[in-house]
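Colleague: Could we go through this model together? I would like to hear the reasoning behind each label.

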Amino acid sequence: MTCCPAGGAEVEMAELYVKPGNKERGWNDPPQFSYGLQTQTGGPKRTPLTKRVAAPQDGSPRAPETSGPPPVDHPPPSSKASRPPPMGSCPATGVEPPSSPVIESETLIEDVLRPLEQALEDCRGHTKKQVCDDISRRLVLLQEQWAGGKLSIPVKKRMALLVQELLHHRWDAADDIHRSLMVDHVTEVSQWMVGVKRLIAEKRSLSSEEAKEEKSTVAPENQTIPGFQQSS
């Protein structure tokens with residue numbers, strides 16, 4: 001699966017859609033919107049067509065209001081339209097040939113589980129054993145449901161995006177994808193997504209600690225030793 005450098009385009013395509021209605025709800029219930037559509041702001045509002053225009057104040061006559069559609073001026077028939085096509089030529093039609101269907105590559109379970117398991121191994125030794133064991137159990141549930149065909153294609157795609165954000169240390173983006181999965185597909189991900197969320201938090205904390213250690217070990221430039229003066 002190819003991913004953009006920032007992953008923004010694929011995240012938008014994966015999260016902006018209208019979910020199908022709940023099977024237990026009535027047939028005339030409105031559809032449920034995805035997490036991405038709920039967080040977006042709507043566009044500029046248009047003026048309703050039923051709003052009346054105020055009368056002019058200068059006393060000039062006002063055009064009569066009509067409820068029907070405006071008249072449409074039909075152009076005069078062209079003489080070229082009645083001419084038959086020349087012999088031996090194929091008449092042009094507005095129907096374009098159907099394009100070949102786009103085949104999307106299926107997200108593999110190894111591409112998702114392997115980075116998550118590697119992130120868990122990185123956290124061992126820095127995180128409590130009980131926490132690591134619980135995350136490991138959650139990842140096993142993820143693997144079982146994925147292999148058993150219990151996860152939908154949107155869930156698999158978003159998990160692939162989440163892993164890419166995790167590998168690039170974009171913690172906020174990974175956490176936002178986790179949140180969208182919990183909102184839009186809670187019945188599918190509720191058993192194991194808690195472990196993924198905890199893994200993101202532990203990996204983020206570990207990365208911050210490593211960054212602090214690197215800054216403390218690097219000696220600042222032009223540092224002078226106390227009691228030592230450079231000869232002029």
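Colleague: What makes Asp 172 count as buried, partly exposed or exposed?

Modeller: Buried means under 20% relative accessible area, exposed over 50%, and partly exposed in between, with a 1.4 Å probe and protein chains only. Asp 172 has 55% relative accessibility, so Asp 172 counts as exposed. Before we go on: this is a predicted model, in which local features need pLDDT of at least 70 and side-chain atom pairs count only at pLDDT 80 or more, while totals for chains, interfaces and linings use all residues. Residues are numbered from 1 along each chain as its sequence is written, and side-chain values use heavy atoms, with hydrogens and water left out.

Colleague: Thanks! Why are Asp 172 and Arg 204 called a salt bridge?

Modeller: A salt bridge is a side-chain nitrogen of Lys or Arg within 4 Å of a carboxyl oxygen of Asp or Glu. The side chains of Asp 172 and Arg 204 meet at 3.0 Å, N to O. Asp 172 sits in helix α6 and Arg 204 in helix α8, so the pair ties together parts that are 32 residues apart in sequence. Arg 204, at 34% relative accessibility, counts as partly exposed.

Colleague: Which residues are joined into one network by salt bridges that share partners?

Modeller: Glu 121, Arg 124, Lys 129 and Asp 133. Within that group, Asp 133 and Lys 129 meet at 2.8 Å, N to O. Being four residues apart in helix α4, Asp 133 and Lys 129 are separated by about one helical turn. Lys 129 is exposed at 61%, and Asp 133 is partly exposed at 22%. The whole structure has twelve salt bridges.

Colleague: How are the helices defined, and how many are there?

Modeller: Helices (H or I, at least four residues) and strands (E, at least two) are DSSP runs, numbered from the N terminus. The protein chain comes to eight helices and two strands, in the order α-β-β-α-α-α-α-α-α-α.

Colleague: Why do Cys 123 and Cys 132 not form a bond?

Modeller: A disulfide is a pair of cysteine sulfur atoms within 2.5 Å. The sulfur of Cys 123 is 6.4 Å from its closest cysteine sulfur, in Cys 132, so the two are too far apart for a bond. By this rule the count is zero disulfides. Cys 123 is buried at 2% relative accessibility, and Cys 132 is also buried at 2%.

Colleague: What makes a set of residues a nonpolar core, and which members touch the most others in the largest one?

Modeller: A nonpolar core is a set of buried Ala, Val, Leu, Ile, Met, Phe, Trp, Tyr and Cys residues joined through side-chain atoms within 4.5 Å. The largest has 32 residues, and Leu 116, Leu 142, Met 159, Trp 192 and Val 196 touch the most other members. Helices α3, α4, α5, α6 and α8 each supply at least two residues of this core. Leaving aside residues up to four places away in sequence, Val 196 touches Leu 139, Met 159 and Leu 162, where contact means heavy atoms within 4.5 Å.

Colleague: How confident is the predictor in the protein chain, and what is the mean pLDDT?

Modeller: pLDDT is the predictor's confidence in each residue, from 0 to 100. The mean for the protein chain is 73, and 48% of its residues reach 70 or more. Over residues 97–103 the pLDDT is below 50, and beyond near neighbours in sequence this stretch has zero contacts in the model. Where pLDDT is low, the predicted coordinates should not be read in detail.
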